[in-house]
Amino acid sequence: MSILIKQVIHNGAPCDVLIEGNRFKKIAPHIDCVADQILDGRHKAILPAFYNTHNHAAMTSMRGYADDIDLFPWLKNHIWPFEACITSEDVYHCTRLAILEMIRGGTVFFNDMYWFSTSTVRAVEEMGIRAAIGRLFIESSPGVILDGNLKENEALEALASSASSRITLTYAPHAIYTVSGKTLCMISERAKAENAFIHIHASETEREVSNSHKDHGMSPIAWLDRCGMLGPKTILAHCVHLAVEDINLIRERGCIIAHNPISNLKLASGRFRFQEVIEESKCRITLGTDGVASNNNLSMLDTMKFAALSAKDQSRNATVAPAHVIFDTATLKGAEAFNIQAGTIAERRLADAILVDLCQPAMVPNHHLISNMVYAADTSCIDSVLCDGRLLMHNRIIPGEQDIIEAAQRAIAGILERLNQEHRKREGL
Ligand SMILES: [Zn+2]
């Protein structure tokens with residue numbers, strides 16, 4: 001399969017881009033060759049696609065379901081009862097809905113942690129994007145991993161052995177307050193032996209930090225290090241509350257921070273210290289949306305804007321988190337974090353890209369393309385999306401979109417029906 005994009009703007013000048021198989025073969029002012037598909041790139045710019053490094057994709061089912069509530073009562077009283085009524089089939093349909101939304105927003109990869117992960121694999125395989133999918137670990141009591149997790153993880157491993165190269169498995173213990181030290185140590189041993197990624201929520205709230213000091217006599221980051229969890233393949237989601245020692249540990253171990261500015265603001269978790277963590281301490285940072293329940297969309301464009309604005313506000317310094325740095329964290333840094341040879345538009349790199357419509361109102365005038373992407377663009381500016389050399393969206397059309405939306409609507413109606421039944425049972429009605 002080959003795709004030739006004619007006269008698209010690349011680094012400020014029109015050029016032709018030839019994709020062969022899943023890589024960029026040639027980028028030049030003019031390419032004369034035969035290709036399976038020829039795209040008109042005029043009035044469009046080609047840019048790297050987005051890599052979303054913290055997500056719970058199937059949570060699209062909870063968009064707007066329980067907003068404006070503090071994290072712990074939000075989880076306990078709303079999210080967990082809702083999730084108890086979700087089936088594997090629901091996860092499949094709601095993940096497809098999430099992927100649809102991600103493709104519309106130019107995202108070609110997400111790092112996921114959720115129940116029924118085999119359904120996530122199915123959705124990703126069908127829809128053609130990339131994903132790191134977690135073996136989820138949550139305990140019912142210290143040292144006792146939920147039976148459902150163990151069974152699903154076993155099925156996930158069996159399924160992944162024949163999955164495409166777009167899928168990577170991670171170890172995804174939920175957090176230090178839902179997984180004991182003993183299990184974290186076991187997971188870190190396994191991850192090291194397999195050279196696998198670890199994905200965990202860390203230092204998200206003040207409460208998590210104060211409980212960690214109470215329970216373990218140290219911060220969550222120090223505790224994770226004690227359990228052998230910190231390394232260059234560890235993705236730490238949030239990292240809002242960090243002591244100087246924590247920042248140093250994260251840098252020394254080479255861990256990757258998944259910064260989720262919108263979720264942090266919405267749940268009032270605290271303010272991520274962008275300038276200190278990234279610009280001064282040089283920790284590795286990527287961007288994530290978190291699940292829809294705490295966002296309420298999966299737009300990496302919105303995420304970039306919030307990351308930039310919240311960093312400036314937090315440091316009271318308008319020069320912090322400039323557009324090109326933020327754009328890099330959402331694209332190249334995310335791809336690099338997961339060893340995906342993409343994130344730049346260059347020959348021999350994997351052919352992941354977006355075509356941006358330069359005639360959309362938010363892109364006019366085009367004094368600075370990357371500034372427009374970070375501060376002005378919305379998803380209507382994204383015309384086409386390529387992942388692994390395949391066109392997933394062209395002229396803003398994704399094949400099968402209506403069917404995916406309707407199937408997700410039916411699945412969500414079913415979840416609500418089961419939730420109501422549970423409620424009636426509890427009330428003795
Ligand atoms: Zn999360």
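Which residues lie nearest the centre of the largest pocket? Keep that one in mind while you turn the model around; it is a predicted model, by the way. Here are my notes, point by point.

1. **The largest pocket.** The residues nearest its centre are M59, L75, W80, H174 and H201, and they belong to a lining of 24 residues. The volume comes to about 320 Å³. If you want a landmark, look for helix α1, residues 71–83: that helix gives the most to the lining, with six residues. Sorted by class, the lining has 14 nonpolar, seven polar and three charged residues.

2. **The second largest pocket.** This one holds about 280 Å³ of space. It has 18 lining residues, and N11, L47, P48, F327 and I370 are the closest to its centre. Which elements each supply at least two residues of this lining? They are β1 (2–10), β5 (44–47), α12 and α14 (369–376). The class count here is ten nonpolar, seven polar and one charged.

3. **N11, a residue to click on.** You have just met N11 as one of the residues closest to the centre of the second largest pocket. N11 sits in the loop between β1 and β2 (13–20). Its phi is positive, about 50°, although N11 is not a glycine.

4. **The largest cavity.** Now for the cavities: searching the whole structure turns up two of 30 Å³ or more. The largest has a volume of about 60 Å³. Its lining is made of H259, P261, N264, L265, G270, R271, F272, S310, A311 and Q314. Two elements, α9 (261–266) and α11, give two or more residues each to that lining. By class, you get four nonpolar, five polar and one charged residue.

5. **The second largest cavity.** Here there is about 30 Å³ of space. The residues around it are A66, D67, D68, I69, W74, K266, L267 and A293. What does the class count look like for this lining? There are five nonpolar and three charged residues, and no polar ones.

6. **α11 against α12.** Helix α11 covers residues 300–315 and helix α12 covers residues 323–330; their axes come within 10 Å and cross at roughly 135°. That angle makes α11 oblique to α12. The crossing is right-handed. On the α11 side the contact uses M300, M304, A307 and A308, while α12 brings I326, F327 and A330. The contact has seven nonpolar residues, with no polar and no charged ones. You may recognise F327 from the second largest pocket, where it is among the residues closest to the centre.

7. **α11 against α14.** α11 also meets α14, and here the axes come within 7 Å and cross at roughly 90°. The two helices are therefore roughly perpendicular to each other. From α11 you will find L301, M304, K305, A308, L309 and K312, which meet M373, V374 and Y375 in α14. In this contact the count is seven nonpolar, no polar and two charged residues. M304 and A308 are worth selecting: they take part in the contact with α14, and they also appear in the contact with α12.

8. **α3 against α4.** Are these two helices roughly parallel or roughly perpendicular? Helix α3 (residues 117–127) and helix α4 (residues 147–160) pack at an angle of about 30°, with their axes 8 Å apart. That makes α3 roughly parallel to α4. S117, T118 and V121 of α3 touch E152, A155, L156 and L159 of α4. The residues of this contact divide into four nonpolar, two polar and one charged.

9. **A cis bond before N296.** Have a look at the peptide bond joining N295 and N296: it is cis, with omega about 10°. N296 lies in the loop between β15 (284–287) and α11.

10. **A cis bond before P365.** The bond from V364 to P365 is cis too, and omega is near -5°. For its place in the fold, P365 is in the loop between β16 (353–357) and α14.

Note on methods:
Residues are numbered from 1 along each chain as its sequence is written. This is a predicted model: local features need pLDDT of at least 70, side-chain atom pairs count only at pLDDT 80 or more; totals for chains, interfaces and linings use all residues. Side-chain values use heavy atoms; hydrogens and water are left out. Axes are lines fitted to C-alpha atoms, for helices over the stretch in contact, and angles run from 0 to 180 degrees between N-to-C directions. Helices (H or I, at least four residues) and strands (E, at least two) are DSSP runs, numbered from the N terminus. Angles under 35 degrees count as roughly parallel, over 145 as roughly antiparallel, 65 to 115 as roughly perpendicular and the rest as oblique. A crossing is left-handed if the near helix is turned anticlockwise from the far one by less than a right angle, and right-handed if clockwise. Contact means heavy atoms within 4.5 Å. Ala, Val, Leu, Ile, Met, Phe, Trp, Tyr, Cys and Pro count as nonpolar, Asp, Glu, Lys and Arg as charged, and the others, Gly among them, as polar. On a 1 Å grid over the protein atoms alone, a cavity is a set of points where a 1.4 Å probe fits but cannot get out, and a pocket is an open set with protein on both sides within 12 Å along at least five of seven lines; lining residues have an atom within 4 Å of a point. Grid points are joined across faces, edges and corners, and a volume is the space filled by probe spheres set on the points.
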